[in-house]
Amino acid sequence: MKSIEKNSKIYLAGHTGLVGSAISRELNRQGYNNIIGRTIEELDLRNQESVNNFFEIEKPDIVIVAAAKVGGILANDTYRADFIYDNIMIESNLISASHQVGVKKLVFLGSSCIYPKLAEQPLREESILSGYLESTNEPYALAKITGIKLCESFFRQYGCNFFSVMPTNLYGPHDNFNLNTSHVLPALIRKFHEAKINSEKSVVVWGSGAPMRELMFVEDLSRAIVFLLSSIDASDIYSLGISQINIGTGKDLSIADLAELVKKVVGFEGIIEYDHTKPDGTPKKLLDVSRIHSIGWKHQIEIEEGIGITYKWFLENFKN
Ligand code: GFB
């Protein structure tokens, strides 16, 4: 069933988050008209009984697993138990319930941090489980690796059409701008903006500025997800001898260069200082995107344009 019908019932788990809300907009834009979602107040995905009941009632045709406990380097390092426990519960419940009610296709979203800390760059899909993980996000990465292997195992044992995609670091509208829990880009947008309006002399950037990161605008990811949903099946991935497919831009930059770019877009004129007491995390995390390019998808939004769109969204939504 490579293609999916416009009226297929699609359960989008995590529909209000950065990634889920972008996928929801893209599905709507492309005319998919039967999308369902539940907030955490309506359905706690960590609770197996609630998830099973929901699936028994709704019986979705398609499931997109964009629900996860996520955060930046400090949140990952601090709330280690929550990141491993919540994510393993969420994905186990969703994947097993999907199997029980006969979901026709399921896409599980992982993260580029599943690859070993010192794996050869750019990170090929085959590198999974070939070395030890970056310690700041080891619990989250282990949970995501478990999700990938759940999909693969349900495919191999039961023939379920479940597969995984590995997006690179993402940013865009509806991101988390809380400085304690966010990823680097929303944090920098907020820090430079607040420093500008308060006429401060400097902005503090965590770590050394040396780590390299690949950042992708979330609407490029949502286009990739809908493209893959409507054009491939699980067997297309597993028959290549891989467990997941990478989604990224194939380009990276240093945190120092990223900070300069955000400074320019925001229009801050002071200086940048580095807080070396904060962790750098993994030195480099650049995905090999040759596989997804070869099947016909490529990103469209370059980093400077994406930062501009995100800053505009921030200004309109965080006036105070
Ligand atoms: O985006 P980020 O929090 O996560 O940090 P990771 C990326 C880099 O930016 C690190 C630096 O080297 C940070 O030290 N950085 C500089 C900052 N200033 C800041 C700041 O104000 N806030 C933040 N947050 N970082 C996460 C993983 O790793 O990436 C997750 O922990 C997940 O598991 C996610 O994979 C995509 O790229 O280091």
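User: What makes up the shell around the ligand, by class?
Analyst: The shell has 10 nonpolar, 8 polar and 4 charged residues. Here Ala, Val, Leu, Ile, Met, Phe, Trp, Tyr, Cys and Pro count as nonpolar, Asp, Glu, Lys and Arg as charged, and the others, Gly among them, as polar. Heads-up: this is a predicted model, where local features need pLDDT of at least 70, side-chain atom pairs need 80 or more, and totals for chains, interfaces and linings use all residues. Residues are numbered from 1 along each chain as its sequence is written, and side-chain values use heavy atoms, leaving out hydrogens and water.

User: What makes the link between Ser 111 and the ligand a polar contact?
Analyst: A polar contact is a pair of N or O atoms within 3.5 Å; within protein, one must be able to donate a hydrogen and the other to accept it, and residues adjacent in sequence count only if both atoms are side-chain atoms. A side-chain N or O atom of Ser 111 sits 2.9 Å from a ligand oxygen, so the pair qualifies. Ser 182 gets there with a backbone N or O atom, 2.9 Å from a ligand nitrogen.

User: Why are S11 and S13 called edge strands?
Analyst: Strands (E, at least two residues) are DSSP runs, numbered from the N terminus, and two of them pair if DSSP finds at least two bridges between them. The open sheet runs S11-S8-S13 with mixed pairing. S11 (253-254) and S13 (284-285) each have a single partner strand, so one side of each lacks a neighbour in the sheet.

User: How do you know that S8 and S11 pair?
Analyst: 2 bridges join them, running antiparallel, so the cut-off of at least two is met.

Key:
Helix = DSSP H or I, 4+ residues; strand = E, 2+ residues; numbered from the N terminus.
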